[in-house]
Amino acid sequence: MRLPIIVSIDDDPQVLQAIQHDLRQKYRKQYRVLATTSATEALESLGELKKKGEEVALFLSDQRMPQMTGVAFLAEARRIFPNAKRALLTAYSDIDAAVRAINEVQLDYYIAKPWDPPQEKLYPVLDDLLSDWQSNYRPTFEGLRLIGYQFSPQSHALKDFLAGNLFPYQWLDIENDPQAQELLDLHKLSRADLPVVVLGDGTALPKPELVDVGEKLGLKPTANESLYDLAIIGAGPAGLAAAVYGGSEGLKTILIDKRAPGGQAGTSSRIENYLGFPNGLSGSDLTRRAITQAQRFGVEFLAPQEVVSIHSEGQYKHIRMADDSEVVARAIVLSTGVSYRTLENESLDKFTGAGVYYGAATTEALAFRGKPVYVVGGGNSAGQGAMYLSRTASDVYICIRRPDLSETMSQYLIDQISNTPNIHVLSCTEVVSATGNERLECVVLENMDTHEQKTEPASGVFIFIGAKPLTDWIEMDIIKDPKGFIATGRDMGRYAEYKRVWKQSREPFVLETCSPGIFAAGDVRAGAMNRVASAVGEGAMAVSFVHKYLAEN
Ligand SMILES: Cc1cc2nc3c(=O)[nH]c(=O)nc-3n(C[C@H](O)[C@H](O)[C@H](O)COP(=O)(O)OP(=O)(O)OC[C@H]3O[C@@H](n4cnc5c(N)ncnc54)[C@H](O)[C@@H]3O)c2cc1C
């Protein structure tokens, strides 16, 4: 934790040294003491401290200084840190000025020089001032701050990225939080620069790209080596499991993700059916444990970095990234999972990130405190999302096309939902359009049996409908099913092109695609079970076949 600061100023170096010594002697465990002989220098550094989110508890200034008087300094300092206590060190002859300053700068105290012994003349006064300051002091957030408009897609993308990569941050809504405008002013930025990320060291990044934020926060978008035994594309549960097994079994392994580790599971508020966690665990907790485990085994993790193409040259597989960099690996596991299907509806599209969200219940729930929200979809992810949102929203309406949830949702979630009074299931109902100005305000619902429509107020719509595989970017001869899921192993025999493409004397390994040495695991694979546990299982299994493949090449 950062310690609050005591700033002491005196143009006489000997006096400054003496007061600094006495202050440190008594207060160094609870406060940082900054001492300087120049009032103008002190004022310059106050602005920097403010940008970093530091707190000043007390100013102690000499009255007679060449550049400005102590009273003038305290007046300026008060503008920057209005809550800090202000004390003046005065010679006997300056007591009049000190008395006037009580009104002028709301001086809290003046201390006559010399202050010896400090136990009698200095510490009791400062103890009193500091204890008063402490009683009103609320520690400020020390890490990264994100300033933006609540209903801005760019702000949402940054929140999603920070949360996905497990970076703690403080969200400052420019329309509701005075601290947000104050920070913008300090950095001489305007609302046109939003969203702005302010890093822990006080650097401000206006309208940043995710890659730039990631780099500043220590994420790595470029690989250390040019050749790896195994490259894993996608760091959801399948990719993370493959990374843990690859790394622990001595393969030089790189794991690449375009956004953050965790994949879909990382967005889950509570996974209740994963073996070994009887009380459930959140997706971010599972992700934190898994990525730590993989890195402990020496796996290199690259993010945010999108893979845009792969191709094989002999036994080497070339992987090209969005920034045109390339790594080469001897084997690949494709674990790019799926993403939510979008509701193809122009009126809803208009509000994507501004009231309409795909998944994202955990990132945005707080913004909907006391407001009505809609969840579209009847699967487990929709159920978890609704449960999470019900903690803050006034009412959560789940819109499903079917008459009830029994065929699409696990019973434990159906039970939780029916025991939550502010969740309402709207069966045979579709959200057909949305209205609002800058942000979503209402939805139009249609009963699918009667076609009756009604307009209801809605602050948020969270969509959890079906999923499509993220395989469009794969141009090589890899067999996919009609929906784009990757075919693997013996199942490939069902496809006409199999004989044309597979030229090995052996059968393909389980989980191997029709390109030897390229495997698929998790939700991206045709026939996958769409569960965390099965994705983890397939990720682990894929690595055992990677060993077999590498042994023969
Ligand atoms: C909200 C929610 C709740 C869920 N709850 C449960 C539950 O309680 N129990 C359960 O068993 N299952 C649950 N599931 C399902 C489970 O999360 C998935 O089955 C599982 O995450 C699939 O893992 P995966 O690794 O195959 O893919 P994903 O989790 O989809 O991960 C794929 C990763 O690949 C990355 N990627 C994609 N394309 C590229 C590219 N070109 N370059 C680089 N990276 C790329 C993505 O960014 C992503 O991180 C839930 C899903 C959701 C959405």
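1. Start with where helix 2 and helix 8 touch. On the helix 2 side you'll find Gly47, Lys50 and Lys51, and they meet Glu182, Leu183 and Leu186 of helix 8. Sort the residues of this contact by character and you get 2 nonpolar, 1 polar and 3 charged. Keep in mind as you click around that this is a predicted model.

2. How do these two helices lie against each other? Helix 2 covers residues 39-51 and helix 8 covers residues 178-186; they pack at an angle of about 135 degrees, and their axes are 10 Å apart. That angle makes helix 2 oblique to helix 8. As for handedness, helix 2 passes helix 8 in a left-handed crossing.

3. Now step back to the whole protein. There are 18 helices and 26 strands to find your way through. Taken along the principal axes, the C-alpha atoms fill a box of roughly 100 × 65 × 45 Å. The protein has 553 residues, and buried ones make up 52% of them. If you take the contacts with a separation of 6 or more, 64% are between residues 24 or more positions apart.

4. Another helix pair to look at is helix 1 (residues 13-27) with helix 6 (residues 123-136). Their axes come within 12 Å and cross at roughly 60 degrees. Helix 1 and helix 6 are therefore oblique to each other. Here the crossing is right-handed.

5. Who does the touching in that pair? Helix 1 brings Asp22, Leu23, Gln25, Lys26 and Tyr27, while helix 6 brings Tyr123, Leu126, Asp127 and Leu130. The contact between helix 1 and helix 6 is made up of 5 nonpolar residues, 1 polar and 3 charged.

6. Next, strand 1, which runs over residues 5-9. Is strand 1 enclosed or open? 5 of its 5 residues are buried, so the rest of the structure largely encloses this strand. Look at the side chains too: Ile5, Val7 and Ile9 point one way, Ile6 and Ser8 point the other way, and all of them are buried.

7. Strand 1 has partners as well. With strand 3 (residues 56-62) it runs parallel, joined by 5 bridges, and isoleucine 9 stands opposite serine 61 of strand 3. With strand 2 (residues 32-36) the pairing is also in the parallel sense, over 5 bridges. In that pairing, isoleucine 5 faces arginine 32 of strand 2.

8. For a mixed sheet, find the open one with 4 strands in the order 7-6-8-9. Why do strand 7 (169-173) and strand 9 (204-206) each have one side without a neighbour in the sheet? Both stand at the edges with a single partner strand, so there is no neighbouring strand on that one side of each. Ignoring direction, neighbouring strands here are turned by 20 degrees against each other on average.

9. Within this mixed sheet, strand 6 (residues 144-148) and strand 7 run parallel and are joined by 5 bridges. One spot to check is glycine 148, whose bridge partner in strand 7 is aspartate 173. Helix 7 (residues 153-164) packs on the sheet and touches strand 6, strand 7 and strand 8 (196-198); the direction of helix 7 makes about 160 degrees with that of strand 6.

10. Compare that with the open sheet of 3 strands in the order 21-22-23, where the pairing is antiparallel. Strand 21 (429-436) and strand 23 (453-457) are the edges, each with a single partner strand, so one side of each has no neighbour in the sheet. From one strand to the next, the twist averages 30 degrees. Strand 22 (residues 440-447) and strand 23 run antiparallel and are joined by 5 bridges; leucine 445 has lysine 454 of strand 23 as its bridge partner.

11. Last stop: helix 15 (residues 380-389). How many of its 10 residues are buried? The count is 8, which leaves the helix mostly covered. The buried ones are Asn380, Ala382, Gly383, Gln384, Gly385, Ala386, Met387 and Leu389. These buried residues pack against a mix of elements: helix 14 (361-364) and helix 16 (411-418), along with strand 18 (372-376), strand 19 (395-399), strand 20 (423-426) and strand 24 (460-463).

Conventions: Residues are numbered from 1 along each chain as its sequence is written. This is a predicted model: local features need pLDDT of at least 70, side-chain atom pairs count only at pLDDT 80 or more; totals for chains, interfaces and linings use all residues. Side-chain values use heavy atoms; hydrogens and water are left out. Axes are lines fitted to C-alpha atoms, for helices over the stretch in contact, and angles run from 0 to 180 degrees between N-to-C directions. Angles under 35 degrees count as roughly parallel, over 145 as roughly antiparallel, 65 to 115 as roughly perpendicular and the rest as oblique. A crossing is left-handed if the near helix is turned anticlockwise from the far one by less than a right angle, and right-handed if clockwise. Contact means heavy atoms within 4.5 Å. Ala, Val, Leu, Ile, Met, Phe, Trp, Tyr, Cys and Pro count as nonpolar, Asp, Glu, Lys and Arg as charged, and the others, Gly among them, as polar. Buried means under 20% relative accessible area, exposed over 50%, partly exposed in between (1.4 Å probe, protein chains only). Two strands pair if DSSP finds at least two bridges between them.
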